[in-house]
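Student: I should like to be introduced to a structure that is new to me. May we go through it by question and answer?

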Amino acid sequence: MISDWLATLYPWIKSFHVMAVISWMAGLFYLPRLYVYHAERGRGAGVEPDDSFAVMEFKLLRVIMGPASIATWIAGLALVFTPGIVDW
């Protein structure tokens, strides 16, 4: 019953998995750059602390990378449990 459902939706789940992985990896590549911008902004005399980079880092982690990583794992496990795809 559920195996027929997973086999029918296999191309859609695979597409969703690929998009989630791309989103997660893009966030992993962009996050260090935000940290560098944040650190460079804090240097220099008389520069007041700016929270814009902290907000950007938080949103990237919690709004983009968190859900993308969860979606990657769920879709990946659904692909693994699709009967006939992985031959153990």
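**Helix 3 and its surroundings**

Tutor: Let us begin with helix 3 of this predicted model. Helix 3 covers residues 52–80, which is 29 residues, and spans 40 Å from its first C-alpha to its last, close to the 42 Å expected at 1.5 Å a residue.

Student: At which residue in helix 3 does a kink lie, and of about how many degrees?

Tutor: The proline to look for in helix 3 is Pro 67, and the kink comes shortly before Pro 67. The place is Met 65, and the kink is about 35°.

Student: How many helices and strands are there in the protein chain?

Tutor: Read from the N terminus on, the elements run α-α-α. The protein chain accordingly has zero strands and three helices.

Student: What percentage of the residues in the protein chain is buried?

Tutor: A residue counts as buried when its relative accessible area is under 20%. In helix 3 the buried residues include Leu 60, Met 65, Ala 68, Ala 71 and Leu 79. Of the 88 residues in the protein chain, the buried share is 23%.

Student: Is Met 19 buried or exposed?

Tutor: Met 19 belongs to helix 2, residues 10–42. The cut-off for an exposed residue is a relative accessible area over 50%. Met 19 has a relative accessible area of 52%, so Met 19 is exposed.

Student: How far apart in space are Met 19 and Ala 71, C-alpha to C-alpha?

Tutor: Ala 71 is one of the buried residues of helix 3. In sequence, Met 19 and Ala 71 are 52 residues apart. In space, their C-alpha atoms are separated by 9.4 Å.

Student: What share of the contacts with a separation of 6 or more joins residues 24 or more positions apart?

Tutor: The contacts considered here are those in the protein chain with a separation of 6 or more. Among these contacts, the share from residues 24 or more positions apart is 69%.

Student: How many aromatic pairs are there, and of which kind?

Tutor: The count comes to one aromatic pair. Tyr 37 and Phe 53 form this pair, with 6.0 Å from centre to centre and 35° between the planes. An angle from 30 to 60 degrees is neither stacked nor edge-to-face. The one pair is therefore tilted.

Student: Why does this pair tie together parts that are apart in sequence?

Tutor: Phe 53 is buried, at 17% relative accessibility, whereas Tyr 37 is partly exposed, at 35%. Tyr 37 lies in helix 2 and Phe 53 in helix 3, so the parts tied together are 16 residues apart in sequence.

Definitions and conventions:
Residues numbered from 1 in each chain as written. Predicted model: local features only at pLDDT ≥ 70, side-chain atom pairs only at ≥ 80, totals over all residues. Heavy atoms only, no water. Helix = DSSP H or I, 4+ residues; strand = E, 2+ residues; numbered from the N terminus. Buried < 20%, exposed > 50% of the residue type's maximum accessible area, 1.4 Å probe, protein only. Contact = heavy atoms within 4.5 Å. Expected span 1.5 Å × (residues − 1). Bend = angle between axes of the 7 residues up to and from the residue. Phe/Tyr/Trp six-rings, centres within 6.5 Å; stacked < 30°, edge-to-face > 60°.
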